[in-house]
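Here's a quick briefing on charged pairs and a nonpolar patch. Have the 3D view open while you read, and find each residue as it comes up.

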Amino acid sequence: MRPLILGAAATLVALGVVSGGASAASKVRVVTSITDLRALTEAVGGDLVEVEALARGTQNAHDVELRPSLMLRLRRADLVVKNGLGLDFWLDQLVLGSQNARIMPGAPGYVDASRGVVVILPAGPVDRSRG
């Protein structure tokens with residue numbers, strides 16, 4: 001969890017938004033794949049960010065329907081935060097469809113929250129049926 005918070009804070013600093021008070025026009029528009037990441041991003045960014053999640057809290061994050069309306073949200077984003085580790089595999093297709101250079105993989109506005117996290121795998125086969 002600590003690497004995620006530090007990574008998000010570093011990204012906000014890199015985008016130049018961590019400064020004095022933020023007006024509505026200067027808020028960083030962040031789109032997250034899931035609602036848990038939305039809550040973390042709001043906690044880190046405070047009043048400097050405007051955050052929305054693509055998947056609803058009641059929705060299975062593995063099976064989000066790719067819709068043009070989701071691409072429009074991403075087109076307006078300054079930063080995208082994905083869970084990674086296969087949970088939101090659908091997000092990269094939406095990012096590419098948004099044609100937003102700020103949030104393309106490899107750009108400063110693309111944050112994969114799973115980077116830097118040590119993954120502990122259980123013994124035996126690993127698949128979605130095991131959670």
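Let's start with the salt bridges: the count comes to three. Keep in mind that this is a predicted model. The idea behind such pairs is simple: side chains of opposite charge can pair when their charged atoms come close. Here a pair counts when a side-chain nitrogen of Lys or Arg lies within 4 Å of a carboxyl oxygen of Asp or Glu.

**Glu-52 and Arg-73**
- The side chains of this pair, Glu-52 and Arg-73, meet at 3.4 Å, N to O.
- Glu-52 sits in strand E2 (residues 49–53) and Arg-73 in helix H3 (residues 68–75), so the salt bridge ties together parts that are 21 residues apart in sequence.
- Glu-52 is partly exposed, at 33% relative accessible area, and Arg-73 is partly exposed too, at 27%.

**Asp-78 and Arg-102**
- In this salt bridge, the closest N and O atoms of Asp-78 and Arg-102 are 3.6 Å apart.
- Both ends are in loops: Asp-78 is in the one between H3 and strand E3 (79–82), while Arg-102 is in the one between helix H4 (91–98) and E4. That makes it a link between distant parts of the chain, 24 residues apart.
- Is Asp-78 buried or exposed? Its relative accessibility is 19%, so Asp-78 counts as buried, because the cut-off for buried is under 20%.
- Its partner Arg-102 is partly exposed, with a relative accessible area of 40%.

**Asp-92 and Lys-82**
- Asp-92 and Lys-82 bring their side chains together in a salt bridge at 3.3 Å, N to O.
- Look for Asp-92 in helix H4 and Lys-82 in strand E3; they are ten residues apart, and the pair links distant parts of the chain.
- Lys-82 has just 9% relative accessibility, so this residue counts as buried.
- Asp-92, on the other hand, is partly exposed, at 25% relative accessible area.

**A nonpolar patch on the surface**
- Now for residues without charge pairing: which ones make the nonpolar surface patch? They are Leu-85, Val-119, Leu-121 and Val-126, and the patch covers about 410 Å².
- To find Leu-121, go to the segment after strand E4 (110–112).
- Leu-121 has a relative accessible area of 61%, and it counts as exposed because the cut-off for that is over 50%.

Terms used: Residues are numbered from 1 along each chain as its sequence is written. This is a predicted model: local features need pLDDT of at least 70, side-chain atom pairs count only at pLDDT 80 or more; totals for chains, interfaces and linings use all residues. Side-chain values use heavy atoms; hydrogens and water are left out. Patches are made of residues with over 30% relative accessible area and no salt bridge: like charges are joined within 9 Å, nonpolar side chains (Val, Leu, Ile, Met, Phe, Trp, Tyr) within 5 Å. Accessible areas come from the Shrake-Rupley method with a 1.4 Å probe; for residues, only the protein chains shown count as cover. Helices (H or I, at least four residues) and strands (E, at least two) are DSSP runs, numbered from the N terminus. Buried means under 20% relative accessible area, exposed over 50%, partly exposed in between (1.4 Å probe, protein chains only).
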